[in-house]
Every structure is written in C-alpha cells, then in structure tokens.
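Dear colleague,

I am handing over the structure below, together with an account of what was found in it. Please read the account with the coordinates open beside you.

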Amino acid sequence: MTTGTQPPTARGRSRVRTYLPLAIAAWAVLEIWLLTVVAGAAGGFTVLLILAAGIVCGAAVIKRAGRRAFRNLTETLQRTPGQPGAAAEPTAAPESRGNGFLMLGGLLLMIPGIVSDVAGLALLVPAVRTRLGRYAERSLERRMRAAGPGSFSDAFQQARIHRPDGKIVQGEVIRPDGGQQAPRPDEGPRPPLTP
C-alpha cells in the first residue's frame, strides 16, 4: 500500500566526514616517516628520548592547566553573591582564557610524533593561544548569528544571558480564565520516600 509520499532523500556526506579520515591517515604516515628520518640521522635512542620527553612535558602541561582551571572555577564560585565567604562588592573575574588550548598543547605533546610535538609547543606560546582564542570566539559568534531561532545556538545564547547581581525576579502565574485551580485530591501530608 502506498501513501503517495516520496521517500526522504539521503543527505550527502559533509566535507569534514569525507576528508577527515584521509587527513588523519596522511598525518599518521607523515609522523612515522619523520620519526624514521630522525632515527636514521640521529639514532633510535634519540627518537626514544624525544618521545619520552614529549610525554613527560605534555603530562606536566596538562596537569598545570587543569590546576589553573580548577583554581579559576573555585575563585568564580567564591565570588558568587549569596555564597558563604563571598565579598560584598563584586571583584574582577580571574583570567581563565587559554586553558583549553593549553591542555590541547599538552595533549599534542603527549602524542608520539614530530609534527604533533611542534604543534603542541606552538600552543604553549601565549600569543598563539590568544590569537587562536580570538579566532575561535569570532567564528563561534558568526555561526551563532547565522543559525535560526529554536536551534542549539539559540539555547546557548540564552544560557549566556546572566544577571551580574544574581537577583531573582519574583512573579506569579495569572490564569487566562481568571479562576483558581481546584485543589487536587492527593494534596496533604505525603509519606517520606524510602529506598
């Protein structure tokens, strides 16, 4: 039995889904080739030392960035009005930019390979992190403006709206018919919940 509706057409694959596996494969081949070139020129022990140093340095960078992010989160929560120990007047927000790129740099250092180590070392430079952060922020803002209402970006923009003083606006619900809701029969004391 047919209903006369056309079957939905399948969407084509995006460029990212098409070329990302090829890019990862090319990157892996390049990393292996560079490691064999370095091993041929300087020896296998040198390559082993480079890989071990990358893992140790990457772990240290990730640990430092994680501690910094946790410290910034703690300071932000302590500055929230109404919390015990919060200051009466608002203070300046802690500098929390660049933790993501710092962690990415540490991760790239931990991945075995010369190209990933160079990219990880580049992300450790504050000027590079700042420029990448600005570029990512502009790109995200441009995509959010281009998206239509009711999309995920609309919800993200709503979540970004905040009141700096932390006040709650009290209100009441007014029913259009002007009447009050009849009491429910199950109102009254309820037994406690037990596991």
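**What was found**

Please keep in mind throughout that this is a predicted model. The protein chain has 6 helices and 0 strands, and, read along the sequence, its elements follow the pattern α-α-α-α-α-α. Of the 195 residues in the protein chain, buried residues make up 13%.

I would begin with helix α1, which covers residues 15-42, and with Glu31, which lies in this helix. Glu31 is buried yet takes part in no salt bridge, and the nearest side chain of opposite charge, that of Arg129, is 19 Å away. What the side chain of Glu31 does reach is backbone nitrogen: that of Ile114 at 2.7 Å, and that of Val115 at 3.1 Å.

Helix α1 is also the place of Ile24, a residue that belongs to a nonpolar patch on the surface, formed with Val16, Leu20 and Trp27 and having about 380 Å² of accessible area together. Ile24 itself counts as partly exposed, because its relative accessible area of 48% falls between the limits of 20% and 50% that bound this class.

Arg129, already named as the nearest opposite charge to Glu31, has its place in helix α5. With a relative accessibility of 13%, Arg129 counts as buried, since the class takes in values under 20%. The side chain of Arg129 reaches the backbone oxygen of Leu124 at 2.9 Å.

Helix α5, which spans residues 126-146, also holds Arg143, but here the setting is another one: Arg143 is exposed, its relative accessible area being 65%. Arg143 is one of the residues of a positive surface patch, which is formed by Arg131, Arg134, Arg138, Arg142, Arg143 and Arg145. Two arginines of helix α5 can thus be set side by side, Arg129 being buried at 13% and Arg143 being exposed at 65%.

A last arginine to look at is Arg64, which lies in helix α2, residues 44-79. Arg64 is exposed, with a relative accessible area of 54%, and so its value is over the 50% that the class requires. Although Arg64 and Met103 are 39 residues apart along the chain, their C-alpha atoms are separated by 8.7 Å.

With best regards

Technical notes
Residues are numbered from 1 along each chain as its sequence is written. This is a predicted model: local features need pLDDT of at least 70, side-chain atom pairs count only at pLDDT 80 or more; totals for chains, interfaces and linings use all residues. Side-chain values use heavy atoms; hydrogens and water are left out. Patches are made of residues with over 30% relative accessible area and no salt bridge: like charges are joined within 9 Å, nonpolar side chains (Val, Leu, Ile, Met, Phe, Trp, Tyr) within 5 Å. Accessible areas come from the Shrake-Rupley method with a 1.4 Å probe; for residues, only the protein chains shown count as cover. A salt bridge is a side-chain nitrogen of Lys or Arg within 4 Å of a carboxyl oxygen of Asp or Glu. Lys and Arg count as positive and Asp and Glu as negative; His and the chain ends are not counted. The place of a charge is taken as NZ of Lys, CZ of Arg, CG of Asp or CD of Glu. Helices (H or I, at least four residues) and strands (E, at least two) are DSSP runs, numbered from the N terminus. Buried means under 20% relative accessible area, exposed over 50%, partly exposed in between (1.4 Å probe, protein chains only). A polar contact is a pair of N or O atoms within 3.5 Å; within protein, one must be able to donate a hydrogen and the other to accept it, and residues adjacent in sequence count only if both atoms are side-chain atoms.
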